[in-house]
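Student: I'd like a close look at one part of this model. Could you take me through it, cut-offs included?

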Amino acid sequence: MKLLLSDRELPAELVKRGDYKYISLVQKKIHNCTGCFGCWVRTPGKCVIRDDATEIYPLIAQSEKLIYVSRIYLGSYDIPMKIMLERAIPVQKAFIRIHGGETHHVQRDVKEKEAVIIGYGNLSEKEKNLFENLVERNAKNMSFKRWRISFVEENEVDEAVIKELDLWEN
Amino acid sequence: MGKLVIINGSPRAVKSNSKRYGEIFKGYWGDSAEEFNVISGRYREICMCVEKHRELLFIFPLYADGIPAVLLGFLKELEKSSYKHKPTVHAIINCGFLEPEQNNVAADMIGLFCEKNGYPLGMILCIGGGEAILDTPFAFMAKRKIKKMAAAIRKGQSYRLKTSMMLTKNMFIKASSKYWTEMGMKNGISREDMDTMEIEGKTNKE
Ligand SMILES: Cc1cc2nc3c(=O)[nH]c(=O)nc-3n(C[C@H](O)[C@H](O)[C@H](O)COP(=O)(O)O)c2cc1C
């Protein structure tokens, strides 16, 4: 499964064309994680907050190729994407293993993936570097076997998405 | 001008480990401190208070390798305030995994916030195994570093400290399995239940 998850609406003609799921976070109601760990110790594999996030983290888990489109803030995913990623911890177990020489959670049924992150905004080199470091860390917790980051200005996002979708198709 | 304002960036707020680290810090600080939780949403009030203090201490957990979204929301608000006086910013960051270095990216984000907005950067303490350390025999290690941090802040110093449980990775894995299994048991959830591969009741094969 391929997933395109975006923190902004992408043009309809662009997102209808292929065999992938497109989700825009714009219309979704997703609350902040409350840090209750219910998804590990109460209802394992399910978040206790029953909002739109519960449809999205299973798709993240199933995807073998994914594109995240997100504004960058302080070298982090900006708030909408960050909330979603925080709400995705039901895909992991409470239990810990050694992975890449560090302690990390054991994953549930999560496919290893190739990830492309289109990070947009007016970014300094320092901010870009920091985001790269973040994604490198994320890779270990989010089952990225390969990843690539494309930094663009806000007005270049659609073009960057088309480029990545073309790569998926060819 | 007040001396210290503590801002708790944990979504668990009053029930958070961050709150407990803050209590320990206050014990060593030995002076008055104003305290807020970002999830209170009282952004205006908190921002106004920030301007009136010399030191600002953020205490927060690592979330998805970075700063929790709830704290990012507050930082955005603080960026909008155009106060003349900017306190020195410090942070205690705690993460669930054993290696305190996993907090470094979040620490760098605090550094970037300071750089972009003209806040002096002070002390940062990164705590590994932060979910459990205070209830283990290694609590003294966290307390010792918090004490050192409080003293360094008083001296106007600026560097990074780290601490964790003195355990090998394998010992940590064993101890954490026990910790989480007991948490599950309290809710009537067995280890096997917790070990499920299903996400929202399904596996990829279904
Ligand atoms: C949504 C979520 C994401 C987390 N992400 C990480 C992480 O990336 N790395 C880590 O070591 N711990 C992670 N943790 C664990 C917390 O940092 C840890 O439990 C911490 O002690 C919580 O502190 P608090 O009680 O002050 O909120 C995460 C916890 C939650 C709920």
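Student: Where in chain B is B:S10 found? Start there, then work outwards to the cores and the contact between the chains.

Tutor: This is a predicted model, so to speak plainly about thresholds: local features need pLDDT of at least 70, side-chain atom pairs count only at pLDDT 80 or more, and totals for chains, interfaces and linings use all residues. Residues are numbered from 1 along each chain as its sequence is written, chains are lettered from A and ligands numbered from 1 in the order in which they are written, and side-chain values use heavy atoms, with hydrogens and water left out.

Now to your residue. B:S10 sits in the loop between β1 (2-8) and α1 (17-29) of chain B; helices (H or I, at least four residues) and strands (E, at least two) are DSSP runs numbered from the N terminus. With a relative accessible area of 3%, B:S10 is buried, a label that means under 20% with a 1.4 Å probe, protein chains only. A polar atom of its side chain lies 3.0 Å from the backbone nitrogen of B:R12. Skipping neighbours within four places in sequence, B:S10 is in contact (heavy atoms within 4.5 Å) with B:S16, B:S18, B:I39, B:I59 and B:P61.

On to the nonpolar cores, each a set of buried Ala, Val, Leu, Ile, Met, Phe, Trp, Tyr and Cys residues joined through side-chain atoms within 4.5 Å. The largest has 74 residues, and A:L5, A:Y68 and B:F58 touch the most other members. Helix α4 (residues 104-117) of chain B supplies the largest share of this core, 8 residues. A second, separate core of 32 residues includes B:I24, B:L134, B:I146 and B:A150. Back at A:L5, the contacts beyond four places in sequence include A:I23, A:L25, A:Y68 and A:M84.

As for the two chains, 54 residues from chain A and 52 residues from chain B take part in the contact. About 4600 Å² is buried between chain A and chain B, with carbon and sulfur atoms giving 63%; buried area is the accessible area (1.4 Å probe) that two parts lose on being put together, summed over both. There are 5 salt bridges between chain A and chain B, each a side-chain nitrogen of Lys or Arg within 4 Å of a carboxyl oxygen of Asp or Glu. One of them joins B:E200 to A:R50, with the closest N and O atoms 2.6 Å apart. On the side of chain A that touches chain B, α5(A) gives the most, 8 residues.

Definitions and conventions. Buried < 20%, exposed > 50% of the residue type's maximum accessible area, 1.4 Å probe, protein only. Polar contact = N/O pair within 3.5 Å; in protein donor to acceptor, adjacent residues only side chain to side chain.
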